[in-house]
Amino acid sequence: MCPALKSPPKMTLGLTEACPLQCRYCYSDCGSEPKPGELDIAEWKRFIDEVVDDGVIQFYIEGGEPLLKPGLLDLLAYCARDAMTMLRSHGTLIDGAMADALKKTGLGRIFIDLMGATAETHDGCAGVPGSFEAACNGISHCVAHGIPVDMLVILTRQIVPELNALLQLAAALGADRVGVLRLYPLGRAKKLWPEIALSLDEQMAAIRSLRPPPGLAVMQSWHPMDKNCCWQAAAVDAFGRAIGCMYLREYVDFGSIGTSRYLDIWRGHPLYRNLRSGRVERGCPDCSASQGTRGGCRSTAFAFHGRWTAPDPFDETLNDGIDLLALPERILRS
């Protein structure tokens, strides 16, 4: 079982599905322009007022590329009045002036994605020449303006040979941490899965090969740190859909924040309540002990098994012979 909360403490806001990059495995299948129906800043502010009143103390803002959202700086400052506020970006739009403006909003931390430790690898994935250099410069500008930086990387077949070089790069640029994230079968990633995915043995070998330089922290969600975070997860996509977690975006729709208060959705939607309960078929004892929750990620469990209570196949003690290189047909069709 997971801790029981009466209201969500943290909230992820997916502001837009517009992005200047053309990432080959984009989870949202973003385009260069906002999609019809995206919430505007005034709508987001009204929502922020609501959830702060209901107890939210942290906002994690992402996209697409949130820096393309008109009014983003105003929204960050609005959030930071009452809550720890963090931003996820590709970093390519952050120059010195933007880093200064971000710092002045009260932003607490920024997460910047890299898709390789070299321009060849990163730009090949991002689909835009020069994006690697721009992202690295964005990290440097944030560090220079006193914004704590996490560098994020999604674990794919292409990045594995460069993982430790990426850790060295992060340290050289002044990042505090590197987050190594699992690859999810969402958006464009599903179409490229055989080309970019790794077997579980390959993933574990990559994680165990990490050698961070002194002073650089590494966060990852593989055994024994595979937690079930649905108990505290809350998220809204660019169109105002309550989805619990951004990695559930293709699998659930708990309701619209335009017609229901998020707290009512949190307390009332039966699937949402079940996911937060932590009732699962089996959990890894080591991960349960270290993370305080059972069962691992519900998104990957559902993707590969089709059951919300299933074990997480990305955990080596729960995998049960599931081939992570082969996506189920129902996921490919979705």
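This talk walks through one predicted model, from its core to its open spaces and then to some local backbone features.

Let's start inside. The largest nonpolar core holds 110 residues. Within that core, M11, I110 and Y262 touch the most other members. Which helix gives the most to this core? Helix α6, residues 163–173, with six residues.

Take I110 from that trio. Leave out residues up to four places away in sequence. I110 then touches L87, I94, L102, C142, I147, P148, V149 and D150. I110 also falls within the span of β4, which runs 109–113.

Back to α6 for a moment. A172 is found in that helix. Is A172 buried or exposed? Its relative accessibility is 68%, so A172 counts as exposed, the cut-off being over 50%. One distance to note here. The C-alpha atoms of A172 and P213 are separated by 9.7 Å, and the two residues are 41 apart along the chain.

Now helix α2, residues 72–80. Its buried residues are L72, L75, L76, Y78 and C79. Where do they sit around the helix? Look down the axis of α2. The buried residues fall within an arc of 160 degrees, so they line one face of the helix. The general background is simple. An α-helix has 3.6 residues a turn, so residues three or four places apart point the same way. What covers that buried set in α2? The cover includes α1, β2 (58–62), β3 (84–89) and α3 (96–104).

On to the empty space. How many cavities of 30 Å³ or more does the search find? Four, across the whole structure. The largest has a volume of about 370 Å³. It is lined by 20 residues, and the closest to its centre are C26, Y27, R88, H90 and D113. By class, that lining has eleven nonpolar, five polar and four charged residues.

The second largest cavity holds about 50 Å³. Its lining is L155, L183, W193, A197, L198, Q203, F314 and L324. Seven of these are nonpolar and one is polar. There are no charged residues in this second lining.

Those were closed spaces. Now the largest pocket, with a volume of about 1100 Å³. It has 40 lining residues. Closest to the pocket centre are Y60, L181, K227, C229 and Y247. Which elements each supply at least two residues of the lining? They are β1, β2, β3, β4 (109–113), β6 (177–181), β7 (217–220) and α12 (298–305). The largest share comes from β6, with four residues. Overall, the pocket lining divides into 20 nonpolar, eleven polar and nine charged residues.

Next, the loops. Start between β1 (10–14) and α1 (41–53), where S28 lies. S28 has 11% relative accessibility, so it counts as buried, the limit being under 20%. Setting aside neighbours within four places in sequence, S28 contacts E17, K35, G63 and R249. D29 is in the β1–α1 loop too. Here the relative accessible area is 40%, so D29 is partly exposed. D29 also has a phi near 50 degrees, a positive value in a residue other than glycine.

There is a second residue of that kind. D320 is not a glycine, yet its phi is positive, at about 55 degrees. D320 sits in the loop between α12 and α13 (329–333). At 55% relative accessibility, D320 counts as exposed.

Two peptide bonds deserve a look. The bond from G63 to G64 is cis, with omega near 15 degrees. G64 is found in the loop between β2 and α2. G63 is also one of the S28 contacts. The other cis bond runs from H223 to P224, with omega near 5 degrees. P224 is in the loop between β7 and β8 (235–236).

Last stop, G283. It lies in the loop between α10 (270–277) and α11 (285–291). Is G283 buried or exposed? Buried, with a relative accessible area of 15%. Not counting residues up to four places away in sequence, G283 touches S288, R294, G295 and L318. One final distance. G283 and L183 are 100 residues apart along the chain, and their C-alpha atoms are separated by 21 Å. L183 is also one of the residues lining the second largest cavity.

Note on methods. Residues numbered from 1 in each chain as written. Predicted model: local features only at pLDDT ≥ 70, side-chain atom pairs only at ≥ 80, totals over all residues. Heavy atoms only, no water. Core = buried A, V, L, I, M, F, W, Y, C linked by side-chain atoms within 4.5 Å. Buried < 20%, exposed > 50% of the residue type's maximum accessible area, 1.4 Å probe, protein only. Contact = heavy atoms within 4.5 Å. Arc of directions from axis to C-beta. 1 Å grid on protein atoms, 1.4 Å probe; cavity = no way out; pocket = protein on both sides within 12 Å on 5 of 7 lines; lining within 4 Å. Points joined across faces, edges and corners; volume = space filled by probe spheres on them. Nonpolar A, V, L, I, M, F, W, Y, C, P; charged D, E, K, R; others polar.
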